[in-house]
Amino acid sequence: MHKAIEITKKTNNLELQSKILENISNIHRLLGNKVKAINYILQAIEINKEFNNRDLEALNYSQLANIYYSDKDYIKAKEYYEKALAIFPKNFQDNSKASLLNYMMLILNTGDTYRILKDYTRAINSFTEVLSLNEATKKNEIIFGYAHGNLGMAQMSIQQTFEAEKNLKLGVHYLKRVGDHLTAEIFRVELGKLRLQEKNEEYAETIFLSAYKRFKSLHAKEQIRDISELLASFYEEIEQLDKALFYERENALYRDSLINKETIKKMEQGKHQIEINEMEHEMDLLRQEAIFRGQTNKINLAIIVVILMFLAYFFVINLRRKKSNAKLQFQKNLIAGREIEKEVLLKELNHRVKNNLQMISSLLNLQSRKLGDHPAVKAIDSGRFRVEAMSLIHQKLYQTELHSEIAIENYIEELVLNLCYSFDAPFTPEFNTRPVMLHIDKAIPMGLIINEFVTNAMKYAFDGIKEPQLKIHLRESDNKVIIKVIDNGVGLNSGKSTGTNFGLNLVDSLVKQLDGNISFEIGRGTTCILVINK
C-alpha cells in the first residue's frame, strides 16, 4: 500500500492516492488502530479537497464518522456526518445510482446518530426525508426497511405509539422480504415493548420468546444477551421467578461470552499492531540503506576509496545503533503488549467478580421474595445489601482505567441511593462529599461499614419522625479519610432493634482491619463518624 502511494505520487494521480489512503484507513480500523485509521482518512480528505472531488470528500467524512460511531463517540460521529451531508453533491441526475444510495445511507446513519443522542425531532426528519427520496427514485426495499424501522423506534421514544407501530411493522415487512431477518426481529422486539406498554403481557411475551428463538437460530450473541435480559426483567415483574432466574443466567452466559470475545479481539489487535510497527521499522531501515547506496554512486572516483572508508565506518556505527534501537523498540513493544494483556485480564477479572456477586444478590432477592413475611427475610436482605456493596466496588473498578483505586465519593453516593431505594425511603439523602481516591483493600471494608450505618438508620432511626433526614459527609485531612453518617432520628440508644448485633460486631471487626476508629455523637439524632488512615 505504501509503495502504491509512492508510485501514484510520481504520476500525480490524486484520486488514486485518496482511494489507497482510504483502503489503508479501513485496514487499520479493522485491526483496532483507531488513531492511524483517522490519520489516513484525514490525509485522503485533504487530497480530495485539493482537486475538488466533493463526492469522495463527502464519503471520506462519512467513513470518519463511522469510525467514531463504532467507537461509541456519537458527538464526533454527528459532527462528521453533518459535514458529509453539507458537501455531498445533490444533483443526482449527473451521478450514478450508487451515489444516490450512498446519500440515502448517509442520511440514515445521521438520523440513527440523532436518535441515539435523543435528538428525536431531527432523527424523525432524517428518516422521513429518506423515505420521501426513496419513494421518488429507487424504491429500494432495504432502504424502506431500515428507514421505517428506525423511524418507528424514534417515534416510540416520544410516545407516538400509533405511528411507531405502523412504521415498525413496515420495517419488519420490508426487511423480511429482502432476507434481513436479524434486523427485522430487532424491530419486532420493539413492537413487543409497545404491547407491554399497553399491558398486553401475553402478546408481548409471545413476541419476546419468538425473538429469543430466532436470535438463537441466527447465533446472534449480542441480541441473545439483550433479549434474555429483557425476558428476565419481564418475568421478574410478573413474578414468574423460575423463568426470570433462567433468563438471568442466560444473560450472564452470553454477556461473559461477548466479553471474552472482545478480550481476545483486543489481544489479537495488540499483536497485529506490534507486527505492523516492526514491519514499518524494517521498511524505514531498508529505505535508509537504499539512500546510502544511491549516494555512493555520486561520489567522485578519485576520492572514492577514502570516502568509502569513512562511509563504511559511519555505516557500521549507525547500523549497530539502529539494530540496538530496533532491538530496544521490539522489547518496548513486547512489554507494551503484555501490559495491555494484563490490563484487559484484570478488567475481565473485576467484571466476572461483579457478575458473580450480582448473581448471588439476585438469588438472595428471589429467596427473600419467596419467603414473604418469614422472620429470615430481614437477615437475607441484610446479607444482600452487603453483597451489593462489594459488587458495586468491582463495578466501579472495571469501568475505570485504574484497577486498584476508586473515587469513593461516587461510590458512596451510589451505595446510599441504592439502599434508600431498597427501603422505599420517602426522602432523598444529602451529600457533602469531596473527591477522594482510595485503594480497593480499604474501599471494600469501608463500603460495608457505611452499608451497616445506613441500613441501621433506615431500620430503626426514623420511627415516628415526621421529616426524616439523612446526611453523608466525606473529606480528606492529614492523609486521613473522615466519613460521617448523620440522621435526625430517635437516637442510637432509643432505636428499637430486634437484631442479633451481628452488624455492630461486623463494623468493629472491619474498623480494626482498617486500623481506624469509630465514634458516635448523640443529640437530635445520631452521628456515626468513621476515620481511617489512607
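Helices (H or I, at least four residues) and strands (E, at least two) are runs assigned by DSSP and numbered from the N terminus. The structure on display is a predicted model, and this tour proceeds from the N-terminal repeats to the paired strands.

**First selection: the annotated repeats**

Select residues 58-91, which an unreviewed UniProt entry lists under "repeat: TPR". Over this stretch the chain is 79% helix and 0% strand, and its end C-alpha atoms lie 14 Å apart. Next, select residues 104-137, also listed in the UniProt entry under that feature. Here the chain is 88% helix and 0% strand, with 11 Å between the end C-alpha atoms.

**Second selection: Glu82 and Arg122**

Display the side chains of Glu82 and Arg122, which meet in a salt bridge with an N to O distance of 2.9 Å. This pair links distant parts of the chain: Glu82 belongs to helix 5 (residues 74-87) and Arg122 to helix 7 (residues 120-136), 40 residues apart. Glu82 is partly exposed, at 24% relative accessible area, and Arg122 is likewise partly exposed, at 38%.

**Third selection: helix 10 and its partners**

Move to Glu185 and Arg214, whose side chains form a salt bridge of 3.9 Å, N to O. Glu185 lies in helix 10 (residues 181-197) and Arg214 in helix 11 (residues 201-218), so the pair links parts of the chain 29 residues apart. Is Glu185 buried or exposed? Glu185 counts as buried because its relative accessibility is 4%, under the 20% cut-off. Arg214, by contrast, is partly exposed at 32%.

Remain on helix 10 and select Glu190 and Lys193, joined by a salt bridge of 3.4 Å, N to O. These two residues are three apart in helix 10, which means that about one helical turn separates them. Glu190 is buried, with a relative accessible area of 12%, whereas Lys193 is partly exposed at 30%. Return now to Glu82 and Arg122: salt bridges that share partners join them with Lys78 and Asp119 into one network. A search of the whole structure finds 19 salt bridges.

**Final selection: the paired strands**

Select strand 2 (residues 430-433) and strand 4 (residues 470-477), which run parallel and are joined by four bridges. Asn432 stands opposite His473 in strand 4. Then add strand 5 (residues 480-487), which runs antiparallel to strand 4 and is joined to strand 4 by eight bridges. Within this pairing, Glu476 has Val481 as its bridge partner. Which residue in the turn of the hairpin has a positive phi? That residue is Asp478, with a phi of about 50°, and two residues lie between strand 4 and strand 5.

How values were computed
Residues numbered from 1 in each chain as written. Predicted model: local features only at pLDDT ≥ 70, side-chain atom pairs only at ≥ 80, totals over all residues. Heavy atoms only, no water. Pairing = 2+ DSSP bridges. UniProt positions renumbered as here; feature names shortened; annotations may be inferred. Salt bridge = Lys/Arg side-chain N within 4 Å of Asp/Glu carboxyl O. Buried < 20%, exposed > 50% of the residue type's maximum accessible area, 1.4 Å probe, protein only.
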